[in-house]
Structures are given as C-alpha cells and as structure tokens.
Amino acid sequence: LFRSPELEKYVLIEDGTLYNYGYVYGWDEDYMEQSVENIKLDSYYISKYDVIQCDYEKLMGENPSSQKNDSFPAMGMSFIDALKYCNKLSQTNGYDGFYSIKGDSVLFNIKGNGFRLPTRYEYAFAARDRKKNAYKYAAGDKLSEIAWHAGNSKGKVHKIAQKKCNELGLYDMVGNVYK
C-alpha cells in the first residue's frame with residue numbers, strides 16, 4: 001500500500017537505524033526472513049493513513065477497487081499505477097516527481113522531488129515500535145487490535161484508521177486490505 005496525499009497528515013520519521021531487518025512475521029506467523037544487516041535511514045515523511053479511494057479517483061479519474069467506499073483504502077491498481085499516482089500527485093502539487101515510466105519499465109530519479117512510495121526499509125522502520133522490537137507486531141502483541149487480517153476481516157476491506165495506531169501515529173501499517 002502507498003500513503004495518503006493530505007500533506008497535513010504526514011509524520012516526520014527521524015533518521016535512524018533499522019535493526020535486524022528481516023525478522024518480520026507473515027500472516028501465517030510461521031514465515032520469517034533472516035536478518036542480513038542493520039540499515040541506516042535518513043529522515044523522511046510518511047502519511048498517517050492509506051490513500052483512500054475518493055482521493056485516488058479524484059486524481060486518477062478511476063477507482064479500480066473491487067469493494068467501493070470513499071473511506072476504504074485504494075486498492076486493485078498495479079504497481080505501475082501506484083507509481084503513476086505518485087507522479088501525478090507530485091505534478092499536481094508543483095513537484096517534478098521521482099519516476100520515469102515507459103510501459104512496464106521504470107527509472108527512479110534519485111534527485112527527484114515530490115511524492116513516492118516508501119522503500120521497504122522505510123516502511124519497515126516506520127511500522128516498527130521504538131522499543132527495540134518489544135512487540136510481536138508493529139503496534140502491539142495482539143494482531144486483531146492493530147490490523148484487519150484473515151482471522152477478523154470476514155474477507156472484507158474496512159475503513160482506514162479503525163484499529164490502534166503505532167507509536168508514531170501511523171495507522172494500518174500491518175494490514176487492512178485482505179481478501
């Protein structure tokens with residue numbers, strides 16, 4: 001998932017180190033990657049909320065989501081569509097953007113500006129708690145308190161920010177879109 005365009009809803013993630021990256025539980029709680037390194041990250045901003053369908057449709061002129069609701073997270077688009085959304089959001093706000101897209105080929109401009117998807121390391125760093133992995137999940141030990149998942153979603157998507165946020169005030173970092 002990528003994050004919302006409402007600028008006032010962004011949170012500054014201070015620079016730091018993502019320790020033991022890779023020890024991430026999967027939905028089946030048995031899957032874990034092995035940590036290979038600690039990763040240093042510069043400061044960046046990320047939205048508190050997922051992009052909602054009405055914002056995506058307003059900018060892109062379509063809503064590919066299968067379960068439609070203006071308060072639901074945008075879903076159903078391809079990775080390339082998500083990058084196009086970031087570029088269009090950037091251009092709409094007077095920025096150049098980060099992505100050059102031709103068909104299925106994407107070039108990332110490191111000197112670009114505007115909106116982009118967080119890297120997997122940035123996303124993991126923002127999702128984790130700040131107590132050196134004191135919790136099993138990003139915002140607590142009880143998955144159902146912080147995320148919609150196979151066990152509690154009834155196969156449906158839910159409105160954003162209905163579950164507990166993490167310590168940084170970020171919602172739905174562990175899950176919402178599940179079918």
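Let me start with helix H2. Its buried residues are Ile80, Ala82, Leu83, Tyr85, Cys86, Asn87, Leu89 and Ser90. This is a predicted model, so please hear everything today as a description of a prediction.

What do those buried residues of H2 pack against? Their partners are helix H1, residues 53–60, and two strands, S5 at 97–102 and S6 at 105–113. H2 itself covers residues 79–92, which is 14 residues. At 1.5 Å a residue the helix should span 20 Å, and its end C-alpha atoms are 20 Å apart, so the expected span and the model agree. After H2 comes Gly94, which has a positive phi, near 85 degrees.

Next, the two strands I just named. S5 and S6 run antiparallel, and five bridges join them. One of the pairs is Lys102 with Ser105, the latter in S6. Together the strands make a hairpin with two residues between them. Gly103 sits in that turn, and its phi is positive too, about 65 degrees. As a general point, side chains in a regular strand alternate between the two faces of the sheet.

Now the chain as a whole. How many helices and strands does it have? There are four helices and six strands. Along the sequence they come in the order β-β-β-β-α-α-β-β-α-α. The chain has 179 residues, and 44% of them count as buried. Take the contacts with a separation of 6 or more: residues 24 or more positions apart account for 56% of these. The accessible surface is about 10300 Å², with 49% of it belonging to carbon and sulfur atoms.

On to helix H3, residues 120–127. Why do I call it largely enclosed by the rest of the structure? Because six of its eight residues are buried. They are Glu122, Tyr123, Ala124, Phe125, Ala126 and Ala127. These buried residues pack against four strands: S1 at 10–13, S2 at 16–18, S3 at 39–41 and S4 at 44–47.

That brings us to the nonpolar cores. The largest has 14 residues, and the members touching the most others are Ile13, Ile46, Ala126, Leu170 and Met173. S1, S3, S4 and H3 each supply at least two residues of this core. H3 gives the most, with five residues. There is also a second, separate core of nine residues, which includes Tyr10, Tyr56, Leu59 and Tyr85. Tyr85 you have met already, among the buried residues of H2.

A word on cysteines. A search of the whole structure finds zero disulfides. Are Cys54 and Cys86 buried or partly exposed? The cut-off for buried is under 20% relative accessible area. Cys86 has 4% relative accessibility, so it counts as buried. Cys54 has 26%, so it counts as partly exposed.

Last, helix H4, residues 143–146, where we find Ile146. Its relative accessibility is 3%, so Ile146 counts as buried. Which residue should you look at along with Ile146? Try Lys164, which is 18 residues away along the chain, while the two C-alpha atoms are separated by 4.9 Å.

To go back over the main points: H3 has six of its eight residues buried, and H3 gives five residues to the largest core. H2 packs through its buried residues against H1, S5 and S6, and S5 and S6 form a hairpin. That is all I have.

Notes. Residues are numbered from 1 along each chain as its sequence is written. This is a predicted model: local features need pLDDT of at least 70, side-chain atom pairs count only at pLDDT 80 or more; totals for chains, interfaces and linings use all residues. Side-chain values use heavy atoms; hydrogens and water are left out. Buried means under 20% relative accessible area, exposed over 50%, partly exposed in between (1.4 Å probe, protein chains only). Contact means heavy atoms within 4.5 Å. The expected span of a helix is 1.5 Å times one less than its number of residues. Accessible areas come from the Shrake-Rupley method with a 1.4 Å probe; for residues, only the protein chains shown count as cover. A disulfide is a pair of cysteine sulfur atoms within 2.5 Å. A nonpolar core is a set of buried Ala, Val, Leu, Ile, Met, Phe, Trp, Tyr and Cys residues joined through side-chain atoms within 4.5 Å. Two strands pair if DSSP finds at least two bridges between them.
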